[in-house]
Amino acid sequence: MIQVSNLSFSYTKKPFIQDMSFSVSEGEIFGFLGPSGAGKSTLQKILLGMLPGYEGSVIVNGTQCKKCGEDFYETIGVDFEYSTMYEKLSAKENLLFFSSLYRNKTGRDGQSRSIDELLRMIGLENDADKRVSDYSKGMKSRLNFIKVLVHDPKLLFLDEPTSGLDPTNSRLMKDMILEEKRRGKTILLTTHNMQDATELCDRLAFIVGGQIYALDSPHNLIMSKGAAKVTYTWMDHGEQSKSCLLSQLSEDQMLRELIAENRLQSIHSSEPDLNDIFMEITGRTLV
């Protein structure tokens, strides 16, 4: 679905994105994880055809991005971090307007979902005629998300989709993203939220200063760079504890003795999270 080869781009004479290459398969959630200013938004704009002055090759759904036309935008949907709705219009009026901009209008091809169905999907069917200015931030975020689905695009670009949401609305948003993947969408996610990247992405790339430092599944990144540990406790003139690497567990004589004597108080395993791995690989934090 996306093939980027030897991409370079800069706003000034100073290099920014340099010799970047990656690909995204159809039906995959691919994430870019990095701090603010890392180049995530710039890369997204290049993939959307908004910054054609790049070097190298950037092909999205068979189209070279510096040569994209109207047909290109019929196949993609973009959810920016901030709402792009018209505040004085109702939710339904907004969706009808944005749907009218596309040839493949919602509900008219026998396959794509109707506006009423989209509103039911996000729990806003009873607020469909309410002005968007009266919506809460969570309601606006959900509405903004289904706006990108009105023309049933193949590829979704999501920029910080859970930013500023409370835990309940964040969970709703992530569930909706996963549902779109199940429907066969390809999704490109840009975020600095470690939890979102871990839960949602099939693969992700660490990006800092316009460069990719690592690219793999969240699980493989964690397991290849971080060692899982086991920590256990027992009573011996007060509570005692010890940690050892999971890979060396069978060699731990103390643990064997405690198990044989049934003296273990607790035992649990732990592994690094993506933030730990990100810092180890890039030398930067995600903030």
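Start by selecting strand 11, residues 229–235: 5 of its 7 residues are buried, so to speak of it as mostly covered is fair, taking buried as under 20% relative accessible area. Keep in mind as you click around that this is a predicted model.

With strand 11 still highlighted, add strand 12, residues 239–245. The two run antiparallel and share 7 bridges. For a landmark in this pairing, pick valine 230 and look across to strand 12, where cysteine 244 stands opposite. Then go to the hairpin that links the strands: 3 residues sit between them, and histidine 237 takes a positive phi near 55° there.

Now bring in strand 13, residues 264–270. Strand 11 pairs with strand 13 too, again in the antiparallel sense, through 6 bridges. Select threonine 231 and you'll find its bridge partner in strand 13, histidine 268.

Next, hop over to another sheet. Show strands 2, 1, 4 and 5 in that order: these 4 strands make an open, antiparallel sheet. Which strands stand at the edges? Strand 2 (17–24) and strand 5 (63–64) do, and each has a single partner strand, so one side of each is left without a neighbour in the sheet. Zoom in on the strand 5 end: strand 4, residues 55–60, pairs with strand 5 in the antiparallel sense over 2 bridges. Isoleucine 59 is the residue to click here, as it stands opposite glutamine 64 in strand 5.

While you're in this sheet, have a look at two backbone oddities. Select asparagine 6, which lies in strand 1, residues 2–9. Its phi is positive, about 55°, although asparagine 6 is not a glycine. At 46% relative accessibility, asparagine 6 counts as partly exposed. Then move to aspartate 19 in strand 2. Here phi is near 50°, another positive value in a residue other than glycine. Is aspartate 19 buried or exposed? With a relative accessible area of 52%, aspartate 19 is exposed, the cut-off being over 50%.

Last stop: the largest pocket, with a volume of about 270 Å³. To find it, select Ile76, Gly77, Val78, Phe80 and Tyr102, which are the closest to its centre among the 13 residues that line it. Which strand gives the most to this lining? Strand 6, residues 76–79, does, with 3 residues. Colour the lining of the largest pocket by class and you get 10 nonpolar, 2 polar and 1 charged residues.

How values were computed. Residues numbered from 1 in each chain as written. Predicted model: local features only at pLDDT ≥ 70, side-chain atom pairs only at ≥ 80, totals over all residues. Heavy atoms only, no water. 1 Å grid on protein atoms, 1.4 Å probe; cavity = no way out; pocket = protein on both sides within 12 Å on 5 of 7 lines; lining within 4 Å. Points joined across faces, edges and corners; volume = space filled by probe spheres on them. Nonpolar A, V, L, I, M, F, W, Y, C, P; charged D, E, K, R; others polar. Buried < 20%, exposed > 50% of the residue type's maximum accessible area, 1.4 Å probe, protein only. Pairing = 2+ DSSP bridges.
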